[in-house]
Structure formats: structure tokens, C-alpha cells
Amino acid sequence: MKQFLKLWSLNKQNQWILKFGISVLVVGLAFHLLFNQSTRFDPELEAASSSSSSYITARTYLPVSPASLVSPPPDLLVSPPPVEMLETPSDVAVDYLPGPPPAPQPSSSSSAAAAAEVSNSTMSVDGRPDPDENEAPDDGKCNLLVGDWVPEPSGPMYTNATCRLMDGHQNCMKNGRPDSGYLYWKWKPRRCELPAFDAQRFLELMRNKSWGVIGDSISRNHAESLLCMLSTVEEAVEVYHDKEFRSKTWKFPTYNFTLANIWAPFLVEAAIFEDYNGVSTKEVQLQLDKLDKSWVDAYPSFDYAIISTGKWFLKAAVYHENNTVVGCHFCPAGKNLTETGFVFAYEKALSFAMSTILKSKHKGQIFFRTSTPDHFQEGEWHNGGTCQQTAPAKEGEFELKEVNKILRKVELTEFEKASAKAAESGVNLKLVDFTNLLLTRPDGHPDAYRNFQPFAKDKNATVQNDCLHWCLPGPIDYLNDVLMEMVVNG
């Protein structure tokens with residue numbers, strides 16, 4: 001009996017030792033698993049990091065030197081050929097869209113009362129009174145181009161993380177612009193609602209069709225805005241670019257929709273002697289009786305075309321007709337040429353372009369867009385002008401500059417002449433005058449952030465400021481909202 005009890009006691013002790021060993025083993029295994037897991041990222045986060053890394057690149061551009069310019073602005077609008085891509089520092093958030101700032105107001109110095117004042121203003125930018133808001137439009141239709149900027153808490157429909165097709169100069173978020181309030185406004189016509197741009201619907205409507213956006217760098221700015229908005233549905237595939245990467249064509253394969261951006265800054269034939277720094281070695285030579293073949297040959301194939309020009313006519317140029325010099329602007333010294341001014345050339349170029357469009361009997365929809373305002377203050381492009389606003393301005397706070405008024409007057413006059421004949425020739429020609437829409441958005445330009453991290457090395461660095469082009473995303477996106485509504489409702 002005693003021997004039995006002794007064996008039983010030993011077995012009990014062995015069982016306790018066995019249980020203790022198993023417990024230690026289990027705890028050790030759990031600790032090992034816990035520690036190992038804590039040193040790894042979640043697979044979904046790793047995948048997200050991997051997929052977004054392709055956006056963390058920056059294209060480098062040669063700086064623009066304003067010193068040698070004799071007239072504004074230089075060819076900031078020509079994209080140089082692709083160069084080596086540089087990796088963006090990991091602490092720069094390039095794909096993060098900040099939340100809307102609290103209670104945005106129109107202009108840093110204005111108040112809610114000022115916003116109401118914008119709504120109730122009765123004067124347009126050219127000094128002509130707008131109809132009273134409570135008065136019904138004469139033609140019974142809404143004017144999409146008369147309205148105000150109102151807060152939009154949801155922000156833009158894309159960011160630079162969802163669109164890889166924007167020019168580096170307009171990628172303000174990636175370039176380090178520190179504020180985000182400019183992203184949270186939308187254009188609202190005064191007498192009706194403007195539906196938000198519907199990328200899916202647009203692509204369905206444009207199935208098997210084509211658009212051409214023809215003109216200077218503002219046209220490219222606009223084309224890239226449209227590309228970015230449509231890329232929320234399907235990313236475009238570049239199918240063509242010219243030798244200098246100035247003209248490009250993209251395709252949306254699923255919809256067989258083509259979007260072409262054609263570089264034709266004067267619409268007429270031009271010999272331009274500028275490098276990628278915007279430095280001219282000679283005056284532009286303009287052939288006022290010969291249109292630029294890059295757009296003339298292509299535009300008959302477009303179902304929709306947006307044509308514009310403007311700012312380039314302010315450059316120093318010599319004008320030719322019938323292979324004979326007929327005048328100049330900023331005439332070269334010692335040549336004994338007649339200074340005619342840029343209006344002379346602009347009127348002739350637009351008249352010739354409009355006449356050719358009417359004679360072509362093109363059956364697609366042609367939009368003629370007026371030139372857009374800039375917001376340089378205390379200088380211009382070539383002599384240190386800046387635009388540091390971070391919110392829309394009150395109406396009247398920015399007056400259209402005299403030179404912009406002159407350009408616009410020529411544009412409206414030449415369009416009016418052409419539109420009177422368009423109906424007779426069966427050409428569908430429409431005007432889109434975005435002056436009012438963009439004049440009160442001095443906050444929408446890249447300013448110093450046209451280049452990547454301009455103050456990273458020196459917070460007091462002197463940099464080229466851009467108050468002519470528009471950040472992407474930004475106010476220029478709303479041109480597409482208006483155009484889509486015009487296409488849908490005629």
C-alpha cells in the first residue's frame with residue numbers, strides 16, 4: 001500500500017511538471033508570434049504603399065529666366081521632353097487631400113457679408129450691367145457664365161494621386177503649396193444649378209467621338225484638367241506626341257474616345273525663337289495670311305473643338321503678309337519697320353481663323369474660348385509679380401487689366417462677325433467667355449509653387465511665380481462642368 005501511494009505521488013508530481021512545461025511552451029510560442037507580427041506592416045497597407053509609390057516622382061524643368069524678356073509672358077507653356085525623374089522625399093505628402101478649412105470666406109480680408117455682396121453685384125467685368133438676380137432672363141435660359149464661387153466642402157473630384165497626366169508646373173499639391181482652401185469652392189450660376197461634372201456620363205456620351213483642344217499653354221492646362229477628371233473612370237493612354245512634346249493625343253480605350261491637345265499659340269503660322277528657359281534670340285515671325293497647319297489639318301476630324309489664343313500676341317513680333325513685312329510689335333532696332341501694335345495682328349489672325357472655320361463647313365461643335373485673366377500683382381511674369389491669395393476675391397476687388405480688356409474686345413468683336421455668318425454656312429460655332437468665372441479666383445494659380453519645393457533649400461529664395469496658369473485640381477476644372485452642360489443641353 002505504501003509503495004502504491006509513493007508511485008501515485010511521483011506520477012502526480014510528473015503530471016504537474018509536464019503541465020508546467022506545456023504552459024511555458026504555449027506562452028513562449030504566443031510571445032514569439034506577437035513579436036513577429038508587430039514588426040510587419042499589414043498586407044493591405046503594404047500593397048497600398050506599393051501602389052502609390054509610382055506617384056511619388058517629380059519631373060524636373062529648366063528654370064525660366066525673366067531677365068531677357070521684353071514682353072510678357074515667355075514660353076512657360078511648352079513642356080520640355082521628359083527628363084530624368086527624381087524621387088520625392090518620403091516626408092512630402094503628394095497624394096493626400098486635406099480636409100476643408102473651417103468656414104471658408106471669399107478673400108482673406110472679406111467676411112460673410114462680402115460673400116453676399118459678391119452674389120448681389122450688378123456689374124460685369126467689362127462694365128456692362130448684369131441683369132438683376134430676381135429678373136427672369138430675356139431668353140428664358142440660364143447663363144452658366146454669370147455666377148459666383150460658393151463653398152464646396154467635398155473638395156475636388158481628383159488629386160495628383162489619382163491623375164498622373166498633369167504638367168509638373170500645375171501640380172501645386174506635389175510642389176508643396178502649403179494651403180488647401182483654394183480646393184473647396186465651386187462655381188454656381190446665379191439663376192440655375194450647374195450639375196457637377198459626371199465623368200462616366202461624359203465618356204458614355206463621347207463614345208466613338210473625339211475632342212480637340214487647340215491653342216497655347218492655357219489650352220494644355222484645360223486639356224489636362226479634363227484628362228484628370230475623366231481619369232476617375234478610366235486612365236487615358238497617350239497615343240501620340242510631336243517631336244517637342246507640345247502636341248499630344250490620348251485615348252480612352254473602353255469608350256474609343258480621343259482627346260487631342262494641339263499646340264498652336266497664334267493660330268497662324270509662326271517662327272518662334274525661344275528656348276525652354278523662355279529666352280528669345282529673335283522676334284517672333286508671324287505669317288498673318290497662313291494658318292498653322294498643325295490645327296487646320298486636324299480640326300475637321302474632331303466632333304468637338306475648343307479654339308483659343310491671346311497672350312502670345314503680346315510678344316515682340318514681326319508681321320508678314322504675302323511674304324512682305326507689314327508691321328511689327330516691339331519692333332527690332334535698326335530695321336526701319338512700322339510699329340503697328342499687337343491689335344493689328346490679333347484682329348487679322350482671328351478674322352482669318354474664323355473665316356477658314358466658316359468655309360470648312362465643319363459639322364462638329366466648335367467652341368471659341370476667350371483668353372483668360374491673370375492675377376499678377378506688384379509686377380508681371382517677367383519682373384517679379386506674385387499672387388499670394390488663398391481664397392476667392394470679392395467681385396470688383398480685381399479689375400480686368402487693360403491689356404486683357406483689349407484682347408477680349410478683339411475676341412468678342414471677331415466672334416460676333418463670324419457667328420452672324422455661321423448659321424448661314426451651317427457651322428455650329430459657340431462662344432465660351434470664362435472671364436467672369438476666373439477673374440475672382442486669384443487664389444487658383446501656382447504662384448511660387450510652379451516648381452517642386454521652391455523654398456526647400458532657402459526660404460528666401462527668388463523663384464519664378466506663375467499667376468497665369470491654374471493649379472490642378474483647381475478653378476479651371478469648372479470649365480468642364482460648364483462645357484458638359486452646354487453639350488448636354490445644346
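Biologist: What makes β9, β10, β12 and β13 an open sheet, and in what order do they stand?

Modeller: In this predicted model, the 4 strands line up as β9-β10-β12-β13, with mixed pairing. β9 (268-271) and β13 (324-329) stand at the edges with a single partner strand each, so one side of each is left without a neighbour in the sheet. Averaged over neighbouring strands and ignoring direction, the turn of one against the next is 25 degrees.

Biologist: How do you know that β12 and β13 pair?

Modeller: Two strands count as paired if there are at least two bridges between them. Strand β12 (residues 317-321) is joined to β13 by 5 bridges, so the pair meets that cut-off. The two strands run antiparallel, and Tyr 319 stands opposite Gly 327 in β13.

Biologist: Good, and what holds strands of a sheet together in general?

Modeller: They pair through backbone hydrogen bonds, either parallel or antiparallel.

Biologist: Which helix lies across these strands?

Modeller: Helix α7 (residues 342-360) lies across β9, β10 (284-291), β12 and β13. Against β10, helix α7 runs at about 30 degrees.

Biologist: Where does Glu 283 lie, and what is it in contact with beyond its neighbours within four places in sequence?

Modeller: Glu 283 lies in the loop between β9 and β10. Contact here means heavy atoms within 4.5 Å, and by that rule the partners of Glu 283 include Ala 271, Phe 273, Val 318 and Pro 332. As for Cys 328, that residue is 45 residues from Glu 283 along the chain, and their C-alpha atoms are separated by 9.2 Å.

Biologist: Let's move to another pair. Why are β3 and β4 called paired?

Modeller: The same test applies: at least two bridges are needed. Strand β3 (residues 147-151) has 5 bridges to β4, so the two are paired, and they run antiparallel. Pro 151 stands opposite Trp 185 in β4.

Biologist: Which residues of β4 make up its covered face, and which its uncovered one?

Modeller: In strand β4 (residues 185-189), Trp 185, Trp 187 and Pro 189 form the covered face, while Lys 186 and Lys 188 form the uncovered one.

Biologist: Now the cavities: how many of 30 Å³ or more does the structure hold?

Modeller: There are 5. The second largest has a volume of about 60 Å³.

Biologist: What makes a residue part of the lining of that second largest cavity?

Modeller: A lining residue has an atom within 4 Å of a cavity point. Among those lining this cavity are Asp 216, Ile 218, Lys 311 and Arg 369. By class, the lining has 1 nonpolar, 5 polar and 3 charged residues.

Terms used
Residues numbered from 1 in each chain as written. Predicted model: local features only at pLDDT ≥ 70, side-chain atom pairs only at ≥ 80, totals over all residues. Heavy atoms only, no water. 1 Å grid on protein atoms, 1.4 Å probe; cavity = no way out; pocket = protein on both sides within 12 Å on 5 of 7 lines; lining within 4 Å. Points joined across faces, edges and corners; volume = space filled by probe spheres on them. Nonpolar A, V, L, I, M, F, W, Y, C, P; charged D, E, K, R; others polar. Axes fitted to C-alpha atoms, helices over the stretch in contact; angles between N-to-C directions. Buried < 20%, exposed > 50% of the residue type's maximum accessible area, 1.4 Å probe, protein only.
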